[in-house]
Amino acid sequence: MENWKDILITPHTSIMKTMKIIDETTLQFAVVVDEYTHILGTVTDGDIRRGLLKGLSLDTSIQEVMNDLPVYEQIGKKRLYYYELMKKLKLKQLPIVNQEKQIQDILFLDDAEQQAFQKKNTVILMAGGLGTRLRPLTDHVPKPMLKVGDKPILETIIDSFKGFGFTNFILSVNYKKDMIKDYFQDGRHLGVNISYIEETKRLGTAGALSLLSDKPGHPFFVMNGDLLTKINYDQLLNFHNETNSAATMCVREYEYQIPYGVLATENHRLLSIEEKPIHKSFVNAGIYVLSPDVLKSVPQNEFFDMPDLFKQLMNEQQEVSAFPLREYWLDIGRMDDYEKANYEFSGGFL
């Protein structure tokens, strides 16, 4: 890879600058080196997001989140050896160093091989909701078919996945399902494959998964059909695989201000007063990656929401993860959200 030197950073590089390098080079990876290019660590998008979950600021030095025990190989071996090792260890990148551990090259799996591995993943879009909070717009049109710009919300979502090479879609439909099916058909006119599961009753954001006729053979995406986002779906899938998770939930940081002075007390004593404090929490963003075995935990043909599934998996002590979104995201649930989406679309958010 000719541009591997572009992803060499120092341990004092900020998280913000590293994120920019990772995004702009599209290599999804950076290597931390000293002034003499000795390898000190590696950084993936997943490492950064785990740091953000811990509350680290964007100005924090990357050495706080880097993997300081990186996998690397000595120079001088056959290229086939390196690629076989990468496949065996499920690595997408492999730094090559000399005897002094100075970086000499960075190998990346061939793009075609990566696509063959990643792009088998199915995308399930939940498009069966009533959209009651958007009436009267949804009296005659299902919410995912409302247009933002010149195309339905659902088509924009499909296009965004297609941009990352994901082309196998299942649409879960119910309310005014024929309008959705007539528009998208089998997806060939959009360059994708689309099939459908039909809810005869409301099953929630997870219950509809019990209607799948064939269990996916790879981790699969589930996403609400009323979201607009610029998330990197490759990074999300990589995070899910790297953490060996049964289920991964995308989360957004939400700030809210208590409109009163907050008191701390001990028995009758007043200890402190904090005036109108701002609190931060992570909230569900409606985008998930699930491993196929998770489907065993979904009850058959019963109402079951995705948070219920995650609670059940946690009770079963399965590995579940949170993936913090730092990209554009908008849930079109109310009329002002829809107006905001059209305004921001005109400004080129997608």
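Me: Before we start on the helices, what counts as buried or exposed here?
Reply: Buried is under 20% relative accessible area and exposed is over 50%, with partly exposed in between. Keep in mind that this is a predicted model.

Me: OK, so which residues of α1 are exposed?
Reply: Lys-17, Lys-20 and Glu-24.

Me: And which ones are buried in that helix?
Reply: In α1, residues 15-25, the buried ones are Ile-15, Thr-18, Met-19, Ile-21, Ile-22 and Thr-25. They span an arc of only 160° around the axis, so they sit on the same side of α1. The exposed Lys-17, Lys-20 and Glu-24 are on the other side.

Me: Why would residues three or four places apart point the same way?
Reply: Because an α-helix has 3.6 residues a turn.

Me: What covers the buried residues of α1?
Reply: The cover includes strands β1 (8-9), β2 (29-33) and β3 (39-44), along with helices α2 (45-53) and α8 (233-242).

Me: What does Thr-26 do just after α1?
Reply: Thr-26 takes a positive phi, about 60°.

Me: Switching to the sheet with β4, β5 and β6: what's the strand order?
Reply: β4-β5-β6, an open sheet of three strands with mixed pairing. β4 (73-74) and β6 (103-108) are the edges with a single partner strand each, so one side of each has no neighbour in the sheet.

Me: How many bridges join β5 to β6?
Reply: Five, and the two strands run antiparallel, with β5 covering residues 93-97. Across that pair, Leu-94 is opposite Leu-107 in β6.

Me: Which helix lies across β4, β5 and β6?
Reply: That's α3, residues 79-89, running at about 60° to β6.

Conventions:
Residues are numbered from 1 along each chain as its sequence is written. This is a predicted model: local features need pLDDT of at least 70, side-chain atom pairs count only at pLDDT 80 or more; totals for chains, interfaces and linings use all residues. Side-chain values use heavy atoms; hydrogens and water are left out. Two strands pair if DSSP finds at least two bridges between them. Helices (H or I, at least four residues) and strands (E, at least two) are DSSP runs, numbered from the N terminus. Contact means heavy atoms within 4.5 Å. Axes are lines fitted to C-alpha atoms, for helices over the stretch in contact, and angles run from 0 to 180 degrees between N-to-C directions. Buried means under 20% relative accessible area, exposed over 50%, partly exposed in between (1.4 Å probe, protein chains only). The arc is that of the directions from the helix axis to the C-beta atoms.
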